[in-house]
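Reader: I should like to take a close look at a single residue of this protein and at its surroundings. Could you please begin with the protein as a whole and then turn to that residue?

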Amino acid sequence: GGRVVEGVIAPEPTLANPLGNLHGGVFAAAAEVVGAAVFSHERDVSSSSLDVRYVRQIPLVQPVTVRAEVLHDGRSWGISQVTTRDERGRVCAVATVTVYGRR
């Protein structure tokens with residue numbers, strides 16, 4: 001644990017859902033990329049599972065930060081948790097990313 005990777009999604013209108021918030025699929029894709037990137041580069045990893053929970057709308061009024069932290073970094077499997085928050089610091093979405101890749 002302890003490693004963190006952050007990615008930023010620019011507030012582009014093409015990334016919005018019909019309500020004007022960040023499209024859930026965009027968050028899911030970013031979560032998978034950032035969630036895998038948090039693992040050390042001494043091994044290649046491939047995503048094994050992605051579980052996403054949308055807590056509230058993700059506003060597109062400013063850049064959206066997607067933050068990944070390692071929950072488990074074993075010999076073969078890794079698990080990270082990815083979150084994004086609104087401007088008030090409230091969690092908007094949480095994803096758990098599982099990766100596979102031998103050291």
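Author: Two residues are in contact when they have heavy atoms within 4.5 Å of each other. In this predicted model, among the contacts between residues at least 6 apart in sequence, 70% join residues that are at least 24 apart. The protein has one helix and five strands, and from the N terminus on these elements follow the order β-α-β-β-β-β. The radius of gyration is 14 Å, close to the 13 Å that the globule rule gives for 103 residues, so the protein is as compact as a globular protein of that length. Along the principal axes, the C-alpha trace spans about 45 × 25 × 20 Å. Buried residues account for 35% of the 103 residues.

The residue chosen for the close look is Ser-47, which is found in strand β2, residues 46-54. Is Ser-47 buried or exposed? Its relative accessibility is 30%; buried means under 20% and exposed means over 50%, so Ser-47 counts as partly exposed.

Leaving aside neighbours within four places in sequence, Ser-47 is in contact with Glu-32, Val-97, Thr-98 and Val-99. With Glu-32 there is also a polar contact, made between the two side chains at 2.9 Å. Val-91, by comparison, is 44 residues from Ser-47 along the chain, and the C-alpha atoms of Ser-47 and Val-91 are separated by 23 Å.

Note on methods: Residues numbered from 1 in each chain as written. Predicted model: local features only at pLDDT ≥ 70, side-chain atom pairs only at ≥ 80, totals over all residues. Heavy atoms only, no water. Helix = DSSP H or I, 4+ residues; strand = E, 2+ residues; numbered from the N terminus. Rg over C-alpha atoms; globule rule 2.2 N^0.38 Å. Buried < 20%, exposed > 50% of the residue type's maximum accessible area, 1.4 Å probe, protein only. Polar contact = N/O pair within 3.5 Å; in protein donor to acceptor, adjacent residues only side chain to side chain.
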